[in-house]
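Q: Could you take me through a close look at this model, starting with how the first chain is built and ending with the sheet in its partner? I'd enjoy one connected account.
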Amino acid sequence: MSDEQQSIHGSTSEKAAHQHTRVVKQRRLTTPFEALKMLLPIAAAVISYGITMSLPNVYPEGYEMSYWPAFLIIMPCIYAVFMVIAWFVPAIRNRLVNWSYLFAAVFFLLELLDILTLKTGYLLLPFAPSPDRILMAIPNNVDQYIENFCASMLLLGEGVFWGLVSGFLTGLLMGWSKIANYWFAPALKVIGPVPSAAWLPIAVVLMPTAHLAGVLLIAVSIWFPLALMMSSAIRSTDTRKIDAARVMGASEPYILFHVALPAAVPNIFDALFMGLSSSFGALIISEQLGVKAGLGWYINWASSWGEYYKVFATVGLFIIIFYALINILFKVRDRVMKWQQSTVRW
Amino acid sequence: MAKNHIIDPRPDLPLFERGESHTLVARDIVQTFLDDGNNEVRAIEGFSLEVSGDEVVGIIGPSGCGKSTFLRLVVGLDEPLAGTLEFDGEPITGPDAQRSMVFQNANLFEWLTVEDNIAFGLKATGCYKEKCYKIPRLIEMMGLQGFEKSYPSQISGGMASRCGLARAFVMNPGLICFDEPLSALDAFTRATLQDEIIKMQQAAHASIILVTHDIEEAVYLCDRVVVMTERPGTNKGELAIDLPHPRDRVSDEFVEKRRQLLELLNR
């Protein structure tokens, strides 16, 4: 994640370059060593392809691979496209060069898994499926995955929405009004730190449907950090800023929305990162009970049928979804807080 | 946003509407504050000051003598414990667009661009539509063209101070309080900004109360300098500086006034 932040910083400071100052971009040529390093992942994929095609499939006997060889061709092709882009975009080149060892290692590790499972039977089915099996899970069960993906996203979306609304309102109210703070702060401090798993049975009893119980669990996981950090940030707004606004004739509500709230934005995003991460946990937990669809539920269901390749594929899907959501939040923060990010000075 | 970029949409309207002359009267002001140990500390004890017309009045005195406390009373951020505090014959009960303030280190809103910082007062009081034509003109006057869309973190300290000046003048105030506005700047930038202050003050016909630690700055800018005693602050003396602007910092009269002021301060 730190690399992600680093690169976001880099790109905005370039954007912040002002019309009156010319920032000369450092256009450095790719060194031969970097070019070789960038080719490493492709070499790794080609070697893996050679190994998997030359070794016979022995476990189970007569198994025909369908996706793994294709994966070893398509992924390097995608990588090659990025290499072409990298020729023109130094930022992408630097990232490819930086991560080339890791990409190569991923290909080798997956091929190692292939050898340990399909090629030798060293690891046993159904717990250790081959890469080919894991890859086939989603394409061969597209309907199931789409249905469960949508159910999960709907649950997460509703929960996050209500968490944001309630957290924002409580945070604002507690930050602004001492009376609200008196009544809400103890509740927040008592309820907030309890993990979602502990609430599960109570949520099921409290809410009319299992779906709404899940929504409640996810909403609570967002509500707590957001309300807590927002209220404390608003209450600790720099008094000099408030004085300046008062001198210019701003009313108290105007100061709340145009001074205290924008000043609290960095803390609000910190809270959102915390809240979103714990909401993923709440999502999986709330899908363990009661609901009939959702990726968390699907993991349970597949494992009870012994179809571990589906479990692995679903976990992989979770990784992609959560990574994407956190990154979207990073981009939003970057947008909203461009005033803080710029490093350009005169 | 784009509206702000139209160069002077209302050339027929003046940047500063010249109203009637304003008068501030402060008589026997007493103000206290609570220190860390919750003890009452007298900050100001019987301080008096009268400012009218387009006078520039400096207040100097030792640290902690209540200079800034007094400015807070004048702009209406706090209320005095005792004494008379009137602006144009009305008691001061709270902040008002007629009394503006320039803060230490500019004190801009980091999340707003330069032009939005200047527009803040207009927007907060709901007269933005009517008076937004002033913003491009103030930006030009302050030499901030090209930086309208920059954030405070992207501009220099001197530019931030210029922005703070424009922000104080946009409401067309009759009285502006300066709380050590230039103390954090380098000597060269400070000298340039002192000239800008005079330029703006003469254009706006506003009176200024300038709190400063810099004796040269006081002599350079002020028509009159009031010296305060140590805490609790009260009037120690006063020095009229009747030199024409622009003033020459190395002229004999200037040096003489400086010497007199130092003498008064150290008496």
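A: Happy to! Chain A has 14 helices and 0 strands as its secondary structure, in what is a predicted model. Reading from the N terminus, you meet one α element after another: α-α-α-α-α-α-α-α-α-α-α-α-α-α. The radius of gyration of chain A is 25 Å, whereas the globule rule gives 20 Å for 346 residues, so chain A is more spread out than a compact globule. Its C-alpha atoms occupy a box of roughly 80 × 65 × 25 Å along the principal axes. Of the 346 residues of chain A, 32% count as buried. Contacts tell another part of the story: taking those in chain A between residues at least 6 apart in sequence, 76% join residues at least 24 apart.

The chain also splits into domains. Domain 1 of chain A covers 31–133 and domain 2 covers 142–341, and their C-alpha centres lie 37 Å apart. Between these domains, 4 residues of domain 1 are in contact with 5 residues of domain 2. On the domain 1 side of that contact there are 3 nonpolar residues, no polar ones and 1 charged residue.

Now for the contact with chain B. Here 24 residues of chain A are in contact with 23 residues of chain B. On the chain A side, helix H10 (239–247), helix H11 (252–286) and helix H14 (338–341) each supply at least two residues. H10(A) gives the most, with 7 residues. By type, the chain A side comprises 13 nonpolar, 6 polar and 5 charged residues.

That brings us to the sheet you asked about. In chain B, 4 strands form an open sheet with the order E2-E1-E4-E5 and antiparallel pairing. Strand E2 (40–52) and strand E5 (90–91) of chain B are the edge strands, each with a single partner, so one side of each has no neighbour in the sheet. As background, strands of a sheet pair through backbone hydrogen bonds, either parallel or antiparallel.

Let's go through the pairings. Strand E1 (residues 23–34) of chain B pairs with E2(B) in the antiparallel sense over 10 bridges. Within this pair, B:Ile29 stands opposite B:Phe47 in E2(B), and B:Val30 stands opposite B:Glu45 in E2(B). Helix H1 (residues 67–75) of chain B packs on the sheet, where it touches E1, E2 and strand E4 (82–87) of chain B. The direction of H1 makes about 120 degrees with that of E1(B).

If you follow the chain from E1(B) into E2(B), you pass through a hairpin with 5 residues between the strands. In that hairpin B:Asn38 takes a positive phi near 65 degrees, a backbone detail you may like to inspect.

E1(B) also pairs with E4(B), again in the antiparallel sense, this time over 5 bridges. There, B:Arg27 stands opposite B:Thr84 in E4(B). To tie the sheet together, E1(B) sits between E2 and E4 in the strand order, with 10 bridges to E2(B) and 5 bridges to E4(B).

Conventions. Residues numbered from 1 in each chain as written. Chains lettered and ligands numbered in written order. Predicted model: local features only at pLDDT ≥ 70, side-chain atom pairs only at ≥ 80, totals over all residues. Domains from an automatic or database assignment. Contact = placed C-beta atoms within 7 Å. Nonpolar A, V, L, I, M, F, W, Y, C, P; charged D, E, K, R; others polar. Pairing = 2+ DSSP bridges. Axes fitted to C-alpha atoms, helices over the stretch in contact; angles between N-to-C directions. Rg over C-alpha atoms; globule rule 2.2 N^0.38 Å. Buried ≥ 20, exposed ≤ 12 C-beta atoms within 10 Å, placed from the backbone.
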